Amino acid sequence: MFTEIRKAAACALTACLPLFLSAQAGGLPLQQQGSKNAEDAQAAAKGSDVSSPHPVQLDAQHRPITAGGFVKDGPVVFEDASEKAGLTRWTHKMGTPGKGYIVETKGSGVGLIDYDNDGWLDIYLVNGSTFNALDGKEMPPHAALFHNNHDGTFTDVAAKAGVTNDRWGFGVAIADYDNDGWPDIFVSNWGKNRLYHNNHNGTFTDVTDKAGVGLDDPAAWHTGATWGDYDGDGKLDLFVAGYLHYDRKHMPTAGDGDAPNAFCTFRGEKVSCGPRGLKGEGDHLFHNNGDGTFTDVSEKAGVADKPGYYGLGAVFADINNDGKPDLLVGDDSTPNYLYLNKGDGTFEDVSYASGFALNEAGRETASMGIAVGDYENTGMLDVFDTTFSDDYKPLYHNEGDANFTDISYHVGIAEVSVPFLSWGDAFFDYDNDGWKDLMMADGHVYPEADKYAWGTSWAERPLLWHNLAGKKFETIPAVEGSGLALVIPGRGMAVGDLFNNGKLDAVISVMDGHPVLLKNVDQDKNHWLELKLAGTGQSPKDAVGATVYVTANGMKQRGDVISGGSYLSSNDLRPHFGLGSAGNVDAIEIHWPDGKVEHFTVPGVDRIVELTEGSGKQ
């Protein structure tokens with residue numbers, strides 16, 4: 001599909017060759033090329049443009065804009081419902097407050113899961129750990145499974161359910177991998193991963209060893225995970241991104257000589273070392289054998305990440321509309337991957353040719369989370385990528401045939417995003433006007449950000465952009481006292497309809513703090529429709545990989561059933577559609593993962609409707 005001439009042209013336009021060679025050498029050429037000082041080398045390694053530094057942005061109270069810039073009046077989209085919901089009784093913990101090691105800085109993800117099939121979303125929150133816990137000197141921090149009580153409150157049942165993890169946790173991906181009609185939980189860790197099988201009675205069983213997905217190596221640090229039926233056999237397969245091969249016996253600190261000094265400083269100050277200069281961990285694709293076991297087919301499929309890039313975000317999604325799930329991997333300080341599904345059990349690496357490997361300036365970015373969504377209502381998935389501070393956050397517009405153009409500055413989200421260090425992200429229609437909006441959770445990796453005049457902060461507020469009919473994005477002001485004015489060290493974020501009221505809410509994992517539930521209280525009067533899909537087994541039972549087109553109000557919208565994505569997180573699996581003023585739906589077309597296309601009607605709007613494969617009209 002992509003000729004060698006086209007690949008060469010793409011590289012010429014984006015200057016990818018020197019960056020690619022630099023990435024292959026683990027970042028060392030930055031020093032060999034004679035960067036003028038360690039500050040520039042580190043900034044370059046983090047994806048910031050050192051040749052044209054951005055001016056510091058302060059608000060009227062002289063606070064960094066990341067922790068200020070609030071307005072007194074305006075539309076309130078989210079309220080902080082965390083305490084009322086009962087989520088503040090649980091605390092995330094990851095390492096020490098000083099964050100001297102990179103493994104203490106990355107935070108954890110959020111998974112939205114209806115684990116008891118009662119029709120209400122529950123919340124799974126991954127926890128980190130401490131070095132004392134690893135040494136058996138203290139109890140390990142537990143993950144949380146918050147059961148939805150249907151009254152706006154949640155109860156942590158993780159211990160009873162058997163899903164506390166008790167390892168140094170990072171990512172979560174939710175899906176029904178064995179097609180028994182009940183969602184299961186995969187957790188990625190520093191060290192051995194976990195796969196929890198749902199027992200249908202409110203409890204789970206750790207089946208990691210039987211399944212063969214643990215990757216049992218104490219130095220292996222795995223992050224973003226995503227489920228998808230890549231080979232079309234009706235069974236969900238699992239992809240797990242690798243970040244670092246991080247040996248606890250050799251964790252570098254600034255000045256100890258175990259890592260290049262340039263990669264242990266930021267703006268001339270000593271900080272935690274990496275990822276540049278450290279050994280990357282490979283990626284893994286596990287084929288579902290249908291008997292509770294998986295086979296690692298990473299090499300055969302062509303997605304093993306032989307260069308050892310620093311993987312964080314990962315998601316299966318059909319990028320080129322051929323009915324097969326493709327694979328996107330967001331890599332920290334190294335080129336991103338886009339693998340196109342060839343339909344024969346293998347993938348084609350089109351990262352550079354597609355335009356997704358680098359940003360508009362031809363630079364690698366410190367990619368964190370990946371959001372996919374059709375923000376223009378053209379029927380094609382666009383991709384948003386969160387990155388480090390001092391760098392804009394790229395929005396890749398899908399031009400068709402898996403070609404992307406970075407249009408961040410064109411649509412108005414680039415400049416405002418520069419000071420923020422961003423993680424979880426999602427396209428979702430918060431006001432149900434029929435256009436997908438965009439949101440990201442933010443927070444720095446260096447506590448030193450509060451000590452020095454870097455124009456940023458350790459704790460940061462989330463950013464929300466309103467979609468202006470697919471043409472531009474408008475920043476929604478952070479009204480004092482509202483959810484958007486919360487200043488937190490945010491990390492993972494998952495979006496879903498937690499209260500079954502047709503308004504999409506967000507749950508953010510907070511580094512060393514209580515999780516935040518941003519309840520959607522937007523005053524819009526628009527209509528909506530939400531679909532719970534069920535496959536037959538020829539398609540996965542939870543319909544992961546299905547694409548839905550809903551026509552209403554003169555628009556045709558696309559929604560996808562996706563497991564994974566954002567930053568180490570897993571969103572609501574129910575496609576949600578804002579309908580604007582439309583009081584009815586004109587058409588629903590579902591493209592099931594097994595290739596079947598069906599048309600459905602629904603009895604009305606402003607409701608959640610269950611649709612089963614085989615019950616529609618072909």
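**Charges, overall build and a look at strand 30**

Counting side chains by charge gives 47 positive and 88 negative ones in the protein, and the centres of these two sets sit 2 Å apart. The model behind these values is a predicted one.

As for the overall build, the protein holds 12 helices and 38 strands. Its radius of gyration comes out at 22 Å, close to the 25 Å expected from the globule rule for 618 residues, so the protein is as compact as a globular protein of that length. Laid along its principal axes, the C-alpha trace covers about 65 × 60 × 55 Å.

What about inside and outside? Of the 618 residues, 63% count as buried. The surface that the protein exposes adds up to about 21,000 Å², with 51% of it supplied by carbon and sulfur atoms. Turning to contacts, if one takes those between residues at least 6 apart in sequence, 62% of them join residues at least 24 apart.

Strand 30 makes a handy close-up. This strand runs over residues 516-520 and is mostly covered, with 4 of its 5 residues buried. One of its pairings is with strand 29 (residues 505-510), in the antiparallel sense and over 3 bridges. Here Ile508 has Val516 of strand 30 as its bridge partner. Strands 29 and 30 form a hairpin, with 5 residues between them, and Asp512 in the turn shows a positive phi of about 55°.

Strand 30 also pairs with strand 1 (residues 78-80), again in the antiparallel sense and over 3 bridges. In this pairing, Asp80 finds its bridge partner in Leu518 of strand 30.

Conventions
Residues numbered from 1 in each chain as written. Predicted model: local features only at pLDDT ≥ 70, side-chain atom pairs only at ≥ 80, totals over all residues. Heavy atoms only, no water. Helix = DSSP H or I, 4+ residues; strand = E, 2+ residues; numbered from the N terminus. Rg over C-alpha atoms; globule rule 2.2 N^0.38 Å. Buried < 20%, exposed > 50% of the residue type's maximum accessible area, 1.4 Å probe, protein only. Contact = heavy atoms within 4.5 Å. Areas by Shrake-Rupley, 256 points an atom, 1.4 Å probe, with all protein chains shown as cover. Lys, Arg positive; Asp, Glu negative; His and termini not counted. Charge placed at Lys NZ, Arg CZ, Asp CG, Glu CD. Pairing = 2+ DSSP bridges.
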